[in-house]
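Q: I'm new to reading protein models, and I'd like a close look at one part of this one. Please pick a piece of the sheet and walk me through what it pairs with and what surrounds it.

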Amino acid sequence: TFKIALDIKEGMYIPVTDNLFKLWNIDAMDMLNIAKENTPKLMPCRYETMITILAQSMGVEEDVLGIMGIEAYEGMPNVLTNTTNTFGSSVILYDGILKAICKGKDLIIIPSSIHETLILEIDDKSMSSDDLATMIKDVNSNEVAPNEVLSDHAYRYIASEDRIVIL
């Protein structure tokens, strides 16, 4: 679904309907090309550690989280979103973004919600695809609003081929 940002800071958007497509005399591919050009400018990429995102959302410094017993751990995912944290999962479609963040390594992509995507580097300690699918389904059914769920699957970004496959 395409949306028009009326006020990004206030989170005011309207969906682009079939009537608007007809009125503007464009199709979905035209709109996609417009969105691919404009969205990265209006909502720049934000790629941070989960700890940084959590601290900022709580309005505290990262070291305060440590005092609270919340600490980073090896293999903790990073968060890919935009600077508004709204509809940030679309950042994965920005040209070259995965290539820019992967450092030549394959990645696991977890579509956390419509607002963000979790990114993990693949290593020997990575969860199996079955375990990932179970975890994602559990989180989606218990923690994510139904209208904000994107997928019950994880994906793999293959850096050498610059492509994404389902796990």
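A: Let's start with V79, whose bridge partner in strand β6 is L118. That match is part of a set of three bridges that join strand β4 (residues 78–82) to β6 (residues 116–121), and the two strands run antiparallel. Strands here are DSSP runs of E with at least two residues, helices are runs of H or I with at least four, and both are numbered from the N terminus. Two strands count as paired if DSSP finds at least two bridges between them.

Before going on, keep in mind that this is a predicted model: local features need pLDDT of at least 70, side-chain atom pairs count only at pLDDT 80 or more, and totals for chains, interfaces and linings use all residues. Residues are numbered from 1 along each chain as its sequence is written, and side-chain values use heavy atoms, leaving out hydrogens and water. As for pLDDT, that is the predictor's confidence in each residue, from 0 to 100. The protein chain averages 87, with 91% of the residues scoring at least 70.

Back to β4. This strand also pairs with β3 (residues 45–49), antiparallel again, through five bridges. Look for Y47 there: its bridge partner in β4 is L80. Four of the five residues of β4 are buried, so the strand is largely enclosed by the rest of the structure. Buried means under 20% relative accessible area, exposed means over 50%, and partly exposed is in between (1.4 Å probe, protein chains only). For the whole chain of 167 residues, 30% count as buried.

Now follow β6 to its other partner, β5 (107–113). Five bridges join β5 and β6, which run antiparallel, and the two form a hairpin with two residues between them. In this pairing, I108 stands opposite L120. I108 has another partner too: R156 in β7 stands opposite I108. The pairing of β5 with β7 (residues 155–158) is antiparallel over three bridges.

How enclosed is β5? Seven of its seven residues are buried, so β5 is largely enclosed by the rest of the structure. S112 sits in this strand and is buried, with a relative accessible area of 19%. The side chain of S112 makes a polar contact with the side chain of E116, at 3.1 Å. A polar contact is a pair of N or O atoms within 3.5 Å; within protein, one must be able to donate a hydrogen and the other to accept it, and residues adjacent in sequence count only if both atoms are side-chain atoms.

L80 turns up once more in the largest nonpolar core, which has 14 residues; L80, I97, L98, I101, L107, I119 and Y157 touch the most other members. The elements giving two or more residues to this core are helix α5 and strand β5, and α5 supplies the largest share, four residues. A nonpolar core is a set of buried Ala, Val, Leu, Ile, Met, Phe, Trp, Tyr and Cys residues joined through side-chain atoms within 4.5 Å. In soluble globular proteins, nonpolar side chains tend to be buried together.

Among the elements of the chain, α5 (residues 97–102) has the highest mean pLDDT (95), while helix α4 (residues 62–67) has the lowest (68). Where pLDDT is low, the predicted coordinates should not be read in detail.
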